[in-house]
Amino acid sequence: MSDSFESAATFPPFAPGTQPDNDWAAYGSTHRRHPQQPALRIPQTVTETTGPRFTSAQLPAIIDLATEGGREAMGERIIVRGRVTDEAGAPVPHAMIEIWQANAAGRYNHARDQHDAPLDPNFKGEGRVFSDAEGWYQFTTVKPGAYPWRNHFNAWRPNHIHFSLFGAGFASRLITQMYFPGDPLLALDPIFRSVPDEAARQRLVAQFDIEITKPEWALGYRFDFVLRGRARTFFEE
Amino acid sequence: MPVATAFQTIGPYWHLIEHPEWADLTRFGASGEHLVLTGRIRDGDGAPVGDGAVELWQASPAASDVFPGWGRAATDAEGRFRFTTIRPGPLPGAGNAQQAPHVALSLFARGILTRLVTRVYFAGDPLNETDPLLSLIEEPARRATLIAHAAGDDAWHIDIRLQGEGETVFLDF
């Protein structure tokens, strides 16, 4: 019987074409920030297959971004709900999900954001939720506005929410962005378009969901995450 | 079969989720030999990466209620970051191999679409000579990009180059 370190299953590689390449000329900030040497392929060890654990006892959840000190943020209130699973379709319970976004006017509550759009004193733009035992998560916010950036002439980021997830191991770490259906800016956005596989790219777009929509209160969007996971199980001899 | 969700850049405004105390992994009172790890990240022009997020993960000592094993630090205008943690010990590797003490780093920033992962080892550790990962890197100069140097009592420093001369070895697994 091996020790617990060695019995941790390894994570299968990413499906080809489903992840962006850091060498992506259309996004100017990559030019001097992408490695030119190929990454060193390494066998997974306990460092890669295990990872940190977070609980709402240590880090309180922030499930409502749309109010601050009891005062309501400006903008279109929305509910975002979805499920975190692994590549085998199994729920990922108790995953910490960090959330950050611009306000409804397309301005971040951040000193470096100089876009000429109003800040909202009732919107900070930070959230933190934990998936439940079946992998479900939900939070309330306002729909973030689009904003200009200087990547190319007349460049605008589509409406998007940033997410950070911690799964079962270091290998399952994910940072991504959620987009909104029907946004005409998606076809022009080099960050969205950096995902080569069309289906993988479209999975970054949330779906409007009338079942999540709350009458007289807020529109609902469904957005699921799939974390790199233990699709295969290795058994001891 | 479901396919893993695609990465997107952390962007320049990730500080909305920054909590500077997370860079101190000893803040819950972990016992053990304390260690300060500083680093500096530069791009292909040698310019500092001043808007990055660096995450540290170590499987040794094992995470517990008083030791998260994980931390996050922002880079400053000079591209510098700083962690306080507990010195890691050796870890088992494949088969009967032993891994030298190390921590893993994830790098995120504007202009980095998919996270970059590297490791930091500690200069002078005799286990470095036989570490299975370091042994995969034939060129000594490339191997050296993963080895932090002593920078005072219980303090270590690593220079990280994203691109070009002295480019850090990044890992795929």
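A polar contact of 3.2 Å links the side chain of Y179(A) to that of Q177(A). This contact offers a way into the structure, which is a predicted model. A second polar contact made by the Y179(A) side chain, at 2.6 Å, reaches the side chain of Q8(B), and with it the account passes to the other chain.

The setting of Y179(A) may be considered next. The residue belongs to strand β11 of chain A. Is Y179(A) buried or exposed? Its relative accessibility is 0%, and because buried means under 20% relative accessible area, Y179(A) counts as buried. Leaving aside residues up to four places away in sequence, the residues that Y179(A) touches include R157(A), P158(A), N159(A) and H160(A). Also among them are L186(A), D189(A), I191(A) and F192(A), together with L204(A), V205(A) and A206(A). Chain B contributes Q8(B) to this list of contacts. As a further point of reference, H162(A) is 17 residues from Y179(A) along the chain, and the C-alpha atoms of the two are separated by 9.2 Å.

The contact with Q8(B) leads to the interface between the chains. Here 76 residues of chain A are in contact with 61 residues of chain B. About 6200 Å² is buried between chain A and chain B, and carbon and sulfur atoms give 59% of this area. On the side of chain A, the residues that lose the most area to chain B are R33(A), L40(A) and F170(A), which together account for 14% of what that side buries.

Polar interactions also cross this interface. Between chain A and chain B there are 40 residue pairs in polar contact, counting pairs with both residues at pLDDT 80 or more. Which elements of chain A give two or more residues to the side that touches chain B? They are the helices and strands α1 (4-7), β1 (40-41), α2 (46-49), β5 (96-100), β6 (126-130), β10 (160-166), β11 (174-179) and β14 (225-227). The largest share, five residues, comes from β11(A), the strand in which Y179(A) lies. By residue class, this side of chain A divides into 34 nonpolar, 24 polar and 18 charged residues.

Salt bridges between chain A and chain B number six. One salt bridge joins R41(A) to D172(B), with the closest N and O atoms 3.1 Å apart. R41(A) and D172(B) are also linked through strand pairing: D172(B) is the bridge partner of R41(A) in β11(B). The strands concerned are β1(A) and strand β11 of chain B, residues 171-172, which run parallel and are joined by two bridges.

Within chain A, strand β4 provides a further subject. This strand spans residues 77-86 and is mostly covered, with seven of its ten residues buried. Seven bridges connect β4(A) with strand β7 of chain A, residues 136-142, in an antiparallel arrangement. In the parallel sense, β4(A) pairs over four bridges with strand β13 of chain A, residues 219-222. R81(A) takes part in both pairings: its bridge partner in β7(A) is Q138(A), while in β13(A) it stands opposite R222(A).

β4(A) also runs parallel to β14(A), to which three bridges join it. In this pairing the bridge partner of D86(A) is L227(A). The path thereby returns to the interface, since β14(A) is one of the elements that give two or more residues to the side of chain A that touches chain B.

Definitions and conventions:
Residues are numbered from 1 along each chain as its sequence is written. Chains are lettered from A and ligands numbered from 1 in the order in which they are written. This is a predicted model: local features need pLDDT of at least 70, side-chain atom pairs count only at pLDDT 80 or more; totals for chains, interfaces and linings use all residues. Side-chain values use heavy atoms; hydrogens and water are left out. Contact means heavy atoms within 4.5 Å. Buried area is the accessible area (1.4 Å probe) that two parts lose on being put together, summed over both. A salt bridge is a side-chain nitrogen of Lys or Arg within 4 Å of a carboxyl oxygen of Asp or Glu. A polar contact is a pair of N or O atoms within 3.5 Å; within protein, one must be able to donate a hydrogen and the other to accept it, and residues adjacent in sequence count only if both atoms are side-chain atoms. Ala, Val, Leu, Ile, Met, Phe, Trp, Tyr, Cys and Pro count as nonpolar, Asp, Glu, Lys and Arg as charged, and the others, Gly among them, as polar. Two strands pair if DSSP finds at least two bridges between them. Buried means under 20% relative accessible area, exposed over 50%, partly exposed in between (1.4 Å probe, protein chains only).
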